Structure formats: C-alpha cells, structure tokens
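Thanks for coming. I will go through one structure today, starting with the overall layout and then moving to the strands and a few single residues.

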Amino acid sequence: MHIPKMICFPCAVEMVPAKNGLVVEMLMDGRRPYYMVSTDLYRCPRCDHGVTVPAQIALAEHWEPNYGTHTAAIQAEFAP
Ligand SMILES: [Zn+2]
C-alpha cells in the first residue's frame, strides 16, 4: 500500500509523527459541537510547525443522543 508523505513546503523536509491518537472536537459555527475524532499529529523537524491528520471515522457525532456522555468518557480515556 502506498502511503503518501507529508512535506513541510517552506522547509522541503518530511514531517514526522509527533503523537498518535490525539483527540479533537470539531465545532460548527466555531462553537457548537459537531463531532469528535482521533487524529495523528505530525511536526516539521526543522521549523516545528504541526498538522493533524484526522481518522476517517468519528469517535462520536453531535446527533447521537448520548454525545455529551460519550465525549466526556473519550476525554477521560485520552487525557494526557
Ligand atoms: Zn518546516
């Protein structure tokens, strides 16, 4: 399987994984919960800029009746 590489464009170097399983919550209109997803954080070894690459499947979505309870459990599980 071909896995694409991420290159920091200004530095022209490959970005490296910094943290796997970083959980983020996406918001609608900048404030309303939309979904929670696991991401991988990559950083440029030269300039330290970072990007997250989200998984294709959400951990929880806003329309689920237990979204608040589910996200609280996810936050507790993935807390640093
Ligand atoms: Zn860079």
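The protein has six strands and one helix. In sequence order the pattern is β-β-β-β-β-β-α, with the helix coming after the strands. Please keep in mind that this is a predicted model.

Now the overall dimensions. The C-alpha trace spans about 45 × 30 × 25 Å along the principal axes. The radius of gyration is 15 Å, while a compact globule of 80 residues would have a value near 12 Å. How many of the residues count as buried? Of the 80 residues, 10% do. As for contacts, take those between residues at least 6 apart in sequence: 42% of them join residues at least 24 apart.

Next, the strand pairing, and here I will follow strand β4, which covers residues 32-43. β4 pairs with β3, residues 16-28, in the antiparallel sense, and eleven bridges link the two. One of the residue pairs here is methionine 28 with arginine 32, the latter being the partner in β4. The two strands form a hairpin with three residues between them. In that hairpin, aspartate 29 takes a positive phi near 55°.

β4 also pairs with β5, which is residues 50-54. These two run antiparallel and are joined by five bridges. Which residue of β5 is the bridge partner of leucine 41? That is threonine 52. β4 and β5 make a hairpin as well, with six residues between the strands.

Then there is β6, residues 60-61, which pairs with β4 over two bridges, again in the antiparallel sense. In this pairing, tyrosine 35 has glutamate 61 of β6 as its bridge partner. To recap, β4 pairs with β3, with β5 and with β6.

Let me go back to the turn between β4 and β5. Aspartate 48 lies in that loop. Phi of aspartate 48 is near 70°, which is a positive value in a residue other than glycine. Is aspartate 48 buried or exposed? Aspartate 48 counts as exposed, because 10 C-beta neighbours lie inside 10 Å and the cut-off for exposed is 12 or fewer.

Another residue with a positive phi is alanine 12, where the value is near 60°. Alanine 12 is not a glycine either. Where is alanine 12 found? The place is the loop between β1, residues 7-8, and β2, residues 13-14. Alanine 12 has 9 other C-beta atoms within 10 Å, so this residue is exposed.

The last residue I want to show is leucine 27, in strand β3. Leucine 27 has 12 C-beta neighbours inside 10 Å and therefore counts as exposed. That number sits right on the cut-off, since exposed means 12 or fewer. Which residues does leucine 27 contact, leaving aside neighbours within four places in sequence? They are Arg32, Pro33 and Tyr34. Arg32 has already come up, as the bridge partner of methionine 28. One more distance for leucine 27: its C-alpha atom and that of histidine 62 are separated by 9.6 Å, and the two residues are 35 apart along the chain.

That is what I have. If you look at the model again, I would start from β4 and its eleven bridges to β3, then find the loop with aspartate 48 between β4 and β5.

Notes: Residues numbered from 1 in each chain as written. Predicted model: local features only at pLDDT ≥ 70, side-chain atom pairs only at ≥ 80, totals over all residues. Pairing = 2+ DSSP bridges. Helix = DSSP H or I, 4+ residues; strand = E, 2+ residues; numbered from the N terminus. Buried ≥ 20, exposed ≤ 12 C-beta atoms within 10 Å, placed from the backbone. Contact = placed C-beta atoms within 7 Å. Rg over C-alpha atoms; globule rule 2.2 N^0.38 Å.
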